[in-house]
Amino acid sequence: MKIWRGKDCPDVFKARLLFAGLAIILVCGSGLIWYFSFYTKTPDYALKMVQESIVKHDTVKFHKYVDEDKLLAGVCDALMQGIIESERPMPEEAKVALSGFAKMFKSPLVNSFKGSLNQYIENGKWGSDDSEKCGSGNTD
């Protein structure tokens, strides 16, 4: 087997080598374009980043990928709606009046949810340590 070097290298081999190099560059470039232009904007990627931010206690990254105000407002609305509909059967007018009354509690409830969520992201625990102290059985 003869190894071609320099001027002795046939033009066909140079052309194939050039084509192979360009193909590799094209495949790598396409992969990078796909990753940064498409994949990083998918819900799957966003969920992975949210999960990573919670595991690493990174609140900045969490807030980058989660619209906390909209999410918690939806949770609060669903909670209030569930409470209203789970009570005794009542006329529609009473439900409307009760939902209007419940709107007064929405802002403080959303703020409470937000505080608990941020605390969980920062230290990985729900609530405060007071519950552990109360149940310890210490009656001094």
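**Lys64, an exposed residue of helix α3.** Lys64 has a relative accessibility of 64% and is therefore counted as exposed, where exposed means over 50% relative accessible area, buried under 20% and partly exposed in between (1.4 Å probe, protein chains only). The model shown is a predicted one, in which local features need pLDDT of at least 70 and side-chain atom pairs count only at pLDDT 80 or more, whereas totals for chains, interfaces and linings use all residues. Residues are numbered from 1 along each chain as its sequence is written, and side-chain values use heavy atoms, with hydrogens and water left out. Lys64 belongs to helix α3, helices being DSSP runs of H or I with at least four residues and strands runs of E with at least two, numbered from the N terminus. Although Lys64 and Ser53 are eleven residues apart in sequence, their C-alpha atoms lie 9.8 Å from each other in space.

**The whole chain, for orientation.** The protein contains six helices and zero strands, and its elements follow one another from the N terminus as α-α-α-α-α-α. Of its 140 residues, 14% count as buried. Among contacts (heavy atoms within 4.5 Å) with a separation of 6 or more, 54% involve residues 24 or more positions apart.

**Helix α2 and its buried side.** Helix α2 comprises 13 residues, 43–55, and extends 18 Å from its first C-alpha to its last, close to the 18 Å expected at 1.5 Å a residue; such an expected span is 1.5 Å times one less than the number of residues. Tyr45, Met49, Val50 and Ser53 are the buried residues of α2. They occupy an arc of only 140° around the axis, which places them on the same side of α2, the arc being that of the directions from the helix axis to the C-beta atoms. These buried residues pack against α1 (11–37), α3 (59–65) and α5 (92–123), while the face turned away from the buried side carries the exposed residues Pro43, Leu47, Gln51 and Val55. Just after α2, His57 adopts a positive phi of about 55°.

**Salt bridges along and beyond α2.** A salt bridge places a side-chain nitrogen of Lys or Arg within 4 Å of a carboxyl oxygen of Asp or Glu, and by this rule the count comes to five. Asp44 and Lys48 form one such pair, with their closest N and O atoms 3.6 Å apart; because the two are four residues apart in helix α2, about one helical turn separates them. Asp44 is partly exposed at 40% relative accessibility, and Lys48 is also partly exposed, with a relative accessible area of 41%. Lys56 forms a salt bridge with Glu52, the closest N and O atoms being 3.7 Å apart. Lys56 is exposed at 58% relative accessible area, whereas Glu52 is partly exposed at 27%. Glu52, Lys56 and Lys61 are linked in a network of salt bridges.

**Helix α4 and its link to α5.** The 19 residues of α4 should span 27 Å at 1.5 Å a residue, and its end C-alpha atoms are indeed 27 Å apart. The buried residues of α4 are Glu68, Leu72, Ala73, Cys76, Met80 and Ile84. Seen down the axis, they fall within an arc of 125°, so they line one face of the helix. They pack against α3 and α5, and the face of α4 turned away from them carries the exposed residues Lys70, Ala78, Glu85 and Ser86. A salt bridge joins Lys106 to Asp77, with the closest N and O atoms 3.0 Å apart. This pair links distant parts of the chain, since Lys106 lies in helix α5 and Asp77 in helix α4, 29 residues apart. Lys106 is partly exposed, with a relative accessible area of 25%, and Asp77 is partly exposed at 40%.

**Glu68, a buried acidic residue in α4.** Glu68 is found in helix α4, which covers residues 68–86. Glu68 is buried yet has no salt bridge, the nearest side chain of opposite charge being that of Lys114, 4.8 Å away; here Lys and Arg count as positive and Asp and Glu as negative, while His and the chain ends are not counted. The side chain of Glu68 does make a polar contact of 3.0 Å with the side chain of His63, a polar contact being a pair of N or O atoms within 3.5 Å, of which, within protein, one must be able to donate a hydrogen and the other to accept it, and residues adjacent in sequence count only if both atoms are side-chain atoms. Leaving aside residues up to four places away in sequence, Glu68 touches Phe62, His63, Lys114, Leu117 and Asn118.
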